[in-house]
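Open the model in your viewer and have the selection box ready. Each stop below says what to select and what to look for.

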Amino acid sequence: EFILLGLSDTRELQVVFFTFFFLAYAMVLLGNLLIIVTFRTDPKLSSPMYFLLCNLSFIDICFTCVTSPRMLVDLLAQRKAIAFEDCIAQLFFLHFVGASEMFLLTVMAYDRYAAICKPLHYTAIMSRPVCWVLVSACWAGGFLHSIVQMLLTVQLPFCGPNTIDSYFCDVPTVIRLACTDTYVTEWLVVSNSGLISLVCFLMLVTSYTFILVTIRVRFTEEHWKALSTCASHVMVVTLFFVPCIFVYLRPFSNFPFNKHICVINTVFSPVMNPLIYTLRNNEVKASMWKLWKRCR
């Protein structure tokens, strides 16, 4: 088994963290469930953009359920132990859902690029069958990525220290505990996780750059709304990708693991996604209001 040190060993801070993270966890679950129900019950919200947003909400629920429940339990526990099998399972699902979200965010940026820069061809480019293929590819890519991460980790021998200075199991923290030279394994992980994070982020930035160029050339009120939306999307994408690039795009043994930066990725990003991507949309808010009145 491994011992998780958590975010703090001070009892008062643990209670504060538990309260804050429990509220964040509840917001993610309730907010994203509300979004999914709204999209599923309103026929008007059936465009490719809303289809992708619905999938993003589902991924956010899965992502926060990988780390948050365990973290909340450990914040109130005296001994924060996790079995080796549970640790590897958490690592697997963390990368499975996390990589799937990276790919989906990239697809969503491409969807906005097609809608703004190629409006006449948008319905052909982002038809419903194409959307299903893209979403399926995101999940398949996340699964393949996660399998590689798990196989690189599980084949290592563990016979020494078993203390993980974090609140969850991840490749960088587990690899440090191996009783062998992990230089090659570290670079294989960097070339997988690190490059995926960097390439997806650069593709997102490129997509939004093309959108901004298009808006600058033919600026209208609709394009002003698109600019506002893209700016908020870039902010959330940066919150999600920069910690991943910082953690995975470097050798693990040469740099300390910063568990507090991971809080941005595992807690703040799932909270921000429904607020930025969905609840700023007037059409979605109107549909939620109609749903509320029907349920009363």
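The tour goes from overall confidence to helix packing, then to single residues.

**Stop 1: confidence**

This is a predicted model, so colour it by pLDDT before anything else. The protein averages a pLDDT of 85, and 93% of the residues score at least 70. Select residues 221-248, helix H8, where confidence is lowest, with a mean of 75. Then select residues 128-154, helix H5, where confidence is highest, at 93.

**Stop 2: helix H5**

Keep H5 selected and show its C-alpha atoms. The helix has 27 residues, and from the first C-alpha to the last it reaches 39 Å, close to the 39 Å expected at 1.5 Å a residue. Which residues of H5 are buried? Show the side chains of Cys131, Val135, Cys138, Gly142, His145, Ser146, Gln149, Leu152 and Thr153, which are the buried ones. A general point helps in reading such a list: an α-helix has 3.6 residues a turn, so residues three or four places apart point the same way.

**Stop 3: helices H2 and H3**

Select residues 48-76 for H2 and residues 84-117 for H3. The two helices pack with their axes 10 Å apart, at an angle of about 155°. Angles over 145 degrees count as roughly antiparallel, so H2 is roughly antiparallel to H3. Their crossing is left-handed. What kinds of residue make up the contact of H2 with H3? The residues there divide into 16 nonpolar, five polar and five charged.

Two residues in this pair of helices deserve a label. Pick Ile59, which lies in H2. Ile59 has a relative accessible area of 2%, so this residue is buried. Measure from its C-alpha to that of Ser100: the two residues are 41 apart in sequence and 7.8 Å apart in space. Now pick Gly98, in H3. Is Gly98 buried or exposed? Gly98 counts as buried because its relative accessibility is 7%, and the cut-off for buried is under 20%. The C-alpha atoms of Gly98 and Asp60 are separated by 8.9 Å, and the two residues are 38 apart along the chain.

**Stop 4: helices H2 and H9**

Keep H2 on screen and add residues 259-278, helix H9. Here the axes come within 9 Å and cross at roughly 155°. That angle makes H2 roughly antiparallel to H9. The crossing of H2 and H9 is left-handed.

While H2 is displayed, pick Thr67, which is found in this helix. Thr67 is buried, with a relative accessible area of 1%. Then draw a distance from Thr67 to Cys131: C-alpha to C-alpha, the two are 29 Å apart in space, with their positions 64 residues apart in sequence. Cys131 is one of the buried residues of H5.

**Stop 5: back to helix H8**

Finish in H8, and select Thr238, which is found there. How is Thr238 classed by its accessible area? Its relative accessible area is 29%, so Thr238 is partly exposed. Add Val205 to the selection: Thr238 and Val205 are 33 residues apart in sequence, and their C-alpha atoms are 9.6 Å apart. Remember at this stop that H8 is where confidence is lowest.

Methods:
Residues numbered from 1 in each chain as written. Predicted model: local features only at pLDDT ≥ 70, side-chain atom pairs only at ≥ 80, totals over all residues. Heavy atoms only, no water. Axes fitted to C-alpha atoms, helices over the stretch in contact; angles between N-to-C directions. Helix = DSSP H or I, 4+ residues; strand = E, 2+ residues; numbered from the N terminus. Parallel < 35°, antiparallel > 145°, perpendicular 65-115°, else oblique. Left-handed = near helix turned anticlockwise from the far one by under 90°. Nonpolar A, V, L, I, M, F, W, Y, C, P; charged D, E, K, R; others polar. pLDDT = per-residue confidence, 0-100. Expected span 1.5 Å × (residues − 1). Buried < 20%, exposed > 50% of the residue type's maximum accessible area, 1.4 Å probe, protein only.
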